[in-house]
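Trainee: I'm new to this one. Could you walk me through it, one question at a time?

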Amino acid sequence: SHITYMNGCYRAAQCSRCNAIFAMPMPDEHTLSQFYNGFEFNCNVANNHLLENKDIVNFFKIFVKSSEARFLDLGGGAGYFAKIFEKFNLGKSTLVEYDPNACKFAKEMLGLRDVRNISLSTFLDQASPNYDIVYSRHVIEHLRHPNEIIDAAFRSLKPGGYFVLQC
């Protein structure tokens with residue numbers, strides 16, 4: 001790996017094999033929580049055009065077996081994917097997001113009803129296998145213990161469910 005960026009006591013390094021970028025040393029939980037509190041990724045009504053994206057709808061339809069599907073969006077930021085799932089009658093969604101400002105946006109601006117402002121690990125520790133689809137987009141690479149979250153996400157699935165992990 002080689003250094004790509006320096007910020008205080010942290011270096012961002014890039015793997016020469018897979019090109020993933022990671023922090024060295026890995027920040028502790030407190031530092032990460034401070035960074036993501038107010039991160040508000042994509043919390044902007046200018047991004048509402050995403051709600052009409054048929055490619056996203058068609059992608060989700062690959063995994064939907066009935067209109068009663070339960071969708072869990074882990075670390076879904078502003079909640080656009082959870083909203084798309086409901087808007088196009090694919091089922092009911094739950095958004096789990098650590099950033100309180102993103103949760104507020106998802107509730108107030110997008111009208112999502114099931115928004116959980118909680119860490120992924122805390123939510124998944126309490127989750128039952130209720131979900132047909134667990135979806136996580138560009139989150140896993142930000143986690144301190146990604147394998148634990150992946151294992152817990154699988155445990156939250158109903159038998160025959162899908163875990164879609166994008167990174």
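**A covered helix and its neighbours**

Mentor: Sure. Keep in mind that this is a predicted model. Let's start with one helix: in α3, Tyr-80, Phe-81, Ala-82, Ile-84, Phe-85 and Glu-86 are buried.

Trainee: How many of the eight residues of α3 are buried, then?

Mentor: Helix α3 spans residues 80-87. Most of the helix is covered. The count of buried residues is six.

Trainee: Which elements do those buried residues pack against?

Mentor: There are helices and strands on the list. The buried residues of α3 pack against α2 (54-61), β4 (69-74), β5 (91-97), α4 (100-108) and β7 (131-137).

Trainee: Take α2 and α3: are they roughly parallel or roughly perpendicular?

Mentor: Their axes come within 10 Å and cross at roughly 75°. Angles of 65 to 115 degrees count as roughly perpendicular. So the answer for α2 and α3 is roughly perpendicular.

Trainee: Which residues make that contact, and of what class are they?

Mentor: From α2 come Ile-56, Val-57 and Phe-60, and from α3 come Phe-81, Ile-84 and Phe-85. There are no polar and no charged residues in the contact. By class, it's six nonpolar.

Trainee: Let's move on to Ser-93. Is Ser-93 buried or exposed, and why?

Mentor: Ser-93 sits in strand β5. The cut-off for buried is under 20% relative accessible area. Ser-93 has 5% relative accessibility, so it counts as buried.

Trainee: What does the side chain of Ser-93 reach at 3.1 Å?

Mentor: Ser-93 touches several residues further off in the sequence, among them Ala-82 and Glu-86. With Glu-86, there's a polar contact between the two side chains at 2.9 Å. At 3.1 Å, what the Ser-93 side chain reaches is the backbone oxygen of Ala-82.

Trainee: What about just after α3: which residue takes a positive phi?

Mentor: Look right past the end of that helix. The phi there is about 55°, and the residue is Asn-89.

Trainee: Now the cysteines. Of Cys-103 and Cys-167, which is buried and which is exposed?

Mentor: Under 20% relative accessible area is buried and over 50% is exposed. Cys-103 has 3%, so it's buried. Cys-167 has 64%, so it's exposed.

Trainee: And how many disulfides does a search of the whole structure find?

Mentor: A disulfide needs two cysteine sulfur atoms within 2.5 Å. Searching the whole structure for disulfides gives zero.

Key. Residues numbered from 1 in each chain as written. Predicted model: local features only at pLDDT ≥ 70, side-chain atom pairs only at ≥ 80, totals over all residues. Heavy atoms only, no water. Buried < 20%, exposed > 50% of the residue type's maximum accessible area, 1.4 Å probe, protein only. Helix = DSSP H or I, 4+ residues; strand = E, 2+ residues; numbered from the N terminus. Contact = heavy atoms within 4.5 Å. Polar contact = N/O pair within 3.5 Å; in protein donor to acceptor, adjacent residues only side chain to side chain. Axes fitted to C-alpha atoms, helices over the stretch in contact; angles between N-to-C directions. Parallel < 35°, antiparallel > 145°, perpendicular 65-115°, else oblique. Nonpolar A, V, L, I, M, F, W, Y, C, P; charged D, E, K, R; others polar. Lists of a residue's contacts leave out its neighbours within four places in sequence.
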